[in-house]
Amino acid sequence: IPRCRLELFKKSFVPDSIRLWNLLKAEAREAISIKSFRKNISVEIANPPSYYAFGKRFINIIHTKLRHKCILHYDLYKRNITNTPFCSCGQNEDVYHFFFACKNYSKARNNLFNQLFMLDLVNIDTNLLLCGDVNLPLQTNINIFSAVHQFIEESTRFT
């Protein structure tokens with residue numbers, strides 16, 4: 001792996017690819033065909049939980065973009081895509097702000113938390129809203145995602 005003085009370079013294509021290649025099992029690195037290479041790495045690829053594919057496609061895409069931090073002003077500003085990190089209310093528009101703080105979405109937020117409180121969840125945080133919890137039953141995760149999708153729709157932030 002080339003010496004990386006900056007974190008930005010360390011996460012760039014070549015150093016990161018070399019690091020990932022070195023993490024592969026020997027069988028995958030020494031494969032003599034593409035078919036055997038794919039077979040060896042397919043075991044290592046974890047499938048996302050089934051509830052990630054829940055709901056309307058458009059809302060699910062928005063939910064995924066929120067999970068990957070690539071849709072709100074603050075996230076886009078950090079990547080030099082937009083000129084401002086601010087929401088229309090004047091605060092930094094990150095995931096926490098969107099779900100928990102923005103005054104523009106108070107009614108939708110009340111509906112979201114009313115639905116979540118009925119599920120008797122102990123800790124409601126951005127990670128739960130974006131990723132669910134693999135320790136919870138599938139139906140509970142689907143209910144969480146359903147509430148989040150309803151919030152996204154009711155907020156009208158992405159329409």
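**Exercise 1. Which residues have the most contacts inside the largest nonpolar core, and which helix supplies the largest share?**

Step 1. The largest nonpolar core has 30 residues. A nonpolar core is a set of buried Ala, Val, Leu, Ile, Met, Phe, Trp, Tyr and Cys residues joined through side-chain atoms within 4.5 Å. Buried means under 20% relative accessible area, exposed over 50%, partly exposed in between (1.4 Å probe, protein chains only).

Step 2. Inside this core, L66, F98, F99, L112, L116, I152 and F158 have the most contacts.

Step 3. At least two core residues come from each of α5 (57-67), α7 (95-101), α8 (106-117), α9 (126-131) and α10. Helices are DSSP runs (H or I, at least four residues), numbered from the N terminus.

Step 4. The largest share, 7 residues, belongs to α10.

Step 5. In soluble globular proteins, nonpolar side chains tend to be buried together.

**Ground rules for the model.** This is a predicted model, in which local features need pLDDT of at least 70, side-chain atom pairs need pLDDT 80 or more, and totals for chains, interfaces and linings use all residues. Residues are numbered from 1 along each chain as its sequence is written, and side-chain values use heavy atoms, without hydrogens and water.

**Exercise 2. Where is confidence lowest, and where is it highest?**

Step 1. The protein chain has an average pLDDT (the predictor's confidence in each residue, from 0 to 100) of 93. At least 70 is reached by 98% of the residues.

Step 2. Helix α1 (residues 7-10) is lowest, with a mean of 81. Helix α7 is highest, at 98.

**Exercise 3. Describe the surroundings of H149 and I152.**

Step 1. Place H149: helix α10, residues 138-155.

Step 2. H149 is buried, because its relative accessibility is 5%.

Step 3. Leave aside neighbours within four places in sequence. H149 then contacts F54, G55, I59, N60 and H63. Contact means heavy atoms within 4.5 Å.

Step 4. The H149 and H63 side chains share a polar contact of 2.9 Å. Such a contact is a pair of N or O atoms within 3.5 Å; within protein, one must be able to donate a hydrogen and the other to accept it, and residues adjacent in sequence count only if both atoms are side-chain atoms.

Step 5. With residues up to four places away excluded, I152 touches I59, I62, H63, L66, F98, R157 and F158.

**Exercise 4. How many salt bridges are there, and which residues form them?**

Step 1. The whole structure holds 3 salt bridges. Each needs a side-chain nitrogen of Lys or Arg within 4 Å of a carboxyl oxygen of Asp or Glu.

Step 2. R19 pairs with D16 at 2.7 Å, N to O. Both sit in helix α2 (residues 13-23), 3 residues apart, about one turn of the helix.

Step 3. E153 pairs with K56, closest N and O atoms 2.8 Å apart. E153 is in α10 and K56 in the loop between α4 (34-42) and α5, 97 residues apart. E153 is partly exposed at 36%; K56 is exposed at 51%.

Step 4. E93 pairs with R157 at 2.6 Å between the closest N and O atoms. E93 is in the loop between α6 (73-78) and α7, and R157 in the segment after α10, 64 residues apart. E93 is buried at 1%; R157 is partly exposed at 22%.

**Exercise 5. Why does C87 form no bond with C102?**

Step 1. A disulfide requires two cysteine sulfur atoms within 2.5 Å.

Step 2. C102 holds the closest cysteine sulfur to that of C87, but they are 3.6 Å apart, so the distance is too far for a bond.

Step 3. The whole-structure search finds 0 disulfides.
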